[in-house]
Amino acid sequence: MNTQFKKGVLKLLVLVLLDKKDCYGYEMVDEISKSISISEGTIYPLLKRLKKEKMVSSYLKESQDGPPRKYYKITDSGKEKKAELVTEWFEFSNGVNNLVHDKMTDDNLGDIKDE
């Protein structure tokens, strides 16, 4: 998938995940990677920005597998931004899908008409 597409949607995906439950960085990478391919290096700069923008907060939680993990939690501001991004995403993706679908339908009809 195009890198710019991923960057554009990653903020939305992180906020959606954190609205469901608090997560640590690698857990988010693992969860998002089930749908789109991303690397760990992509998520941490975004988390830092989201924290600076006060959309997420963080806290340490003891881990049975080693040192304490830094968990991220969505804030009220983050929830508002997530709702805004979800609305924008559906409007955007519906518009793209409509155009792509119309183009595919037009192309298929063109093939039929030419025969």
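**Exercise 1.** In this predicted model, find which residues Val14 is in contact with, leaving aside its neighbours within four places in sequence.

*Solution.* Start at Val14 and look for heavy atoms within 4.5 Å. Skip the neighbours within four places in sequence, and you're left with Met28, Ile32, Ile43, Leu46, Leu47 and Leu50. Next, see where Val14 sits in the wider picture: the largest nonpolar core has 22 residues, and Val14, Leu18, Met28, Ile32 and Ile43 touch the most other members. Now ask which elements build this core: α1 (3–20), α2 (25–33), α3 (40–52) and β3 (66–74) each supply at least two of its residues. The largest share, 7 residues, comes from α1.

**Exercise 2.** Work out what lines the largest pocket, and which element gives the largest share of that lining.

*Solution.* First, the space: the largest pocket holds about 570 Å³. Then go to its centre, where Phe5, Val9, Leu12, Leu13 and Trp89 are the closest of the 24 lining residues. Sort the lining by class and you get 14 nonpolar, 5 polar and 5 charged residues. Finally, check the elements: α1, α2 and α4 (76–114) each supply at least two lining residues, and α1 gives the largest share, with 9.

**Exercise 3.** Describe the overall layout of the protein, from its helices and strands to its buried residues.

*Solution.* Count 4 helices and 3 strands, then read them along the sequence as α-β-α-α-β-β-α. Of the 115 residues, 28% are buried. For the outside, the protein exposes about 8,400 Å², with carbon and sulfur atoms supplying 53% of that. As a last step, take the contacts with a separation of 6 or more: residues 24 or more positions apart account for 50% of them.

Note on methods: Residues numbered from 1 in each chain as written. Predicted model: local features only at pLDDT ≥ 70, side-chain atom pairs only at ≥ 80, totals over all residues. Heavy atoms only, no water. Core = buried A, V, L, I, M, F, W, Y, C linked by side-chain atoms within 4.5 Å. Buried < 20%, exposed > 50% of the residue type's maximum accessible area, 1.4 Å probe, protein only. 1 Å grid on protein atoms, 1.4 Å probe; cavity = no way out; pocket = protein on both sides within 12 Å on 5 of 7 lines; lining within 4 Å. Points joined across faces, edges and corners; volume = space filled by probe spheres on them. Nonpolar A, V, L, I, M, F, W, Y, C, P; charged D, E, K, R; others polar. Areas by Shrake-Rupley, 256 points an atom, 1.4 Å probe, with all protein chains shown as cover.
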